[in-house]
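Trainee: I have just opened this structure and would like to understand the words people use for it. Could you walk me through them?

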Amino acid sequence: MKIHHSIFAVLGLFVWSCELSAAPSLSDFFGKWPETANPRMVGDKVVSRFLATPHPNFGSPKPPGSITYPEVCTWYGALTFAKASGQAELTKKLVARFEPLFGVESKLIPKPDHVDNTVFGGLPSEIFIQTGDKRSLELGKRFADEQWLPNERMSKALDPPRRAWMELGLSWQTRLWIDDMYMITIAQVQAFRTTGDSQYLDRASREMVRYLKELQEPNGLFYHSPEVPFFWGRGNGWMAAGMTELLRSLPESHPDRPVILEGYRTMMATLKGFQDGDGMWHQLVDDPQSWPETSCTGMFDFALITGVKNGWLAPDVYGPVARKGWLALTAYIDGNGDVREVCVGTNKKNSRDFYLTRPRTTGDMHGQAPLLWCVSALLR
């Protein structure tokens, strides 16, 4: 009997070892790429394009009155790429683009009076992370703090609804638009990453839990706003990217983590089903008749790549989805390093045709930014 038990034990060990060897590894999905999809090469090309581009103004030829949120998101992605690829000289070039904001271009620093402006705070925070520049630390921290505790001028202008959000421990900039969950999250999470102060994580997680409760539909997706029942691609992308950035820093022991992780996984499961045969996602996520759109594809793929690499998602299930998305997205990069088929900035409207007929652009930083987030996620 002892011999029989030994044989069965050996056989069991052999089967278990075969199963392990057959299990897919991350290198199966993210290890080898065709030249056009090589993350380092793509990142170099897109960041070079960014450095050569003046401050954009939502497609207008006029210079902007202040740095816009799409530029902030692209700049942040460029910096994280420089760090992930170990390019100290590239970091210096990206920081040099910022330096005038401490002097002759200081008027271009936006006022932290709205989520689209306050997201700026995440940018100097990243500069501090990579350079130790104390000016950048204080600037990023100020933006994060004023998102919760407005300065005296802004405080006087607060209306009752905003004061009500503050009484619930939320940001006075709360408005229950899905875009907010990247704009608020990155300012707060970056402040945590620079200071180690958990209050910033608590703010971001409390806000995220509220948005999930109020806005996430049973299928895991999000309407553009409660009164606009359309699953707009980039709007959902902001939510996906915001949850991803938060989960990257939120400790396993944090009481809000299970709710946020469940919301994230529910969303990813539904997105998997709506990826088209080429690997893209569409302007309206659940509408295959709408056009393949690159900014939402980049945001969704950033969330998927990060989830697979961090063990939040099953690699064998989601690894192929993430790989297919990246290969599809890189096919939309032109010779200049510009991403095609980007939906322009879009307000909400209760009309399917409104979303289907939105203009499409090339090189818009709404599309450049998530491409760089993907590159950073692939190289981390």
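Mentor: Gladly! Keep in mind that this is a predicted model. Let's start with one residue: His 254 touches Asp 202 and Ser 205, leaving out residues up to four places away in sequence. His 254 sits in the loop between helix H13 (233–249) and helix H14 (257–274).

Trainee: Why does His 254 count as buried?

Mentor: Its relative accessibility is 12%, and buried means under 20%. The value falls below the cut-off, so His 254 counts as buried.

Trainee: What makes the link between the side chains of His 254 and Asp 202 a polar contact?

Mentor: The distance is 2.8 Å, and the cut-off asks for N or O atoms within 3.5 Å, one able to donate a hydrogen and the other to accept it. The pair therefore qualifies as a polar contact. A polar atom of the His 254 side chain also lies 3.1 Å from the backbone nitrogen of Asp 256.

Trainee: Now the whole protein. How many helices and strands does the protein have?

Mentor: There are 18 helices and 2 strands.

Trainee: Why is the protein called as compact as a globular protein of that length?

Mentor: Its radius of gyration is 22 Å, close to the 21 Å given by the globule rule for 380 residues, so the description fits. Of those 380 residues, 53% count as buried.

Trainee: Which residues have the most contacts inside the largest nonpolar core?

Mentor: That core has 99 residues, and those with the most contacts inside it are Phe 120, Tyr 182, Met 267, Met 268, Trp 326 and Trp 373. A second, separate core of 8 residues includes Phe 230 and Trp 232.

Conventions: Residues numbered from 1 in each chain as written. Predicted model: local features only at pLDDT ≥ 70, side-chain atom pairs only at ≥ 80, totals over all residues. Heavy atoms only, no water. Helix = DSSP H or I, 4+ residues; strand = E, 2+ residues; numbered from the N terminus. Buried < 20%, exposed > 50% of the residue type's maximum accessible area, 1.4 Å probe, protein only. Contact = heavy atoms within 4.5 Å. Core = buried A, V, L, I, M, F, W, Y, C linked by side-chain atoms within 4.5 Å. Rg over C-alpha atoms; globule rule 2.2 N^0.38 Å.
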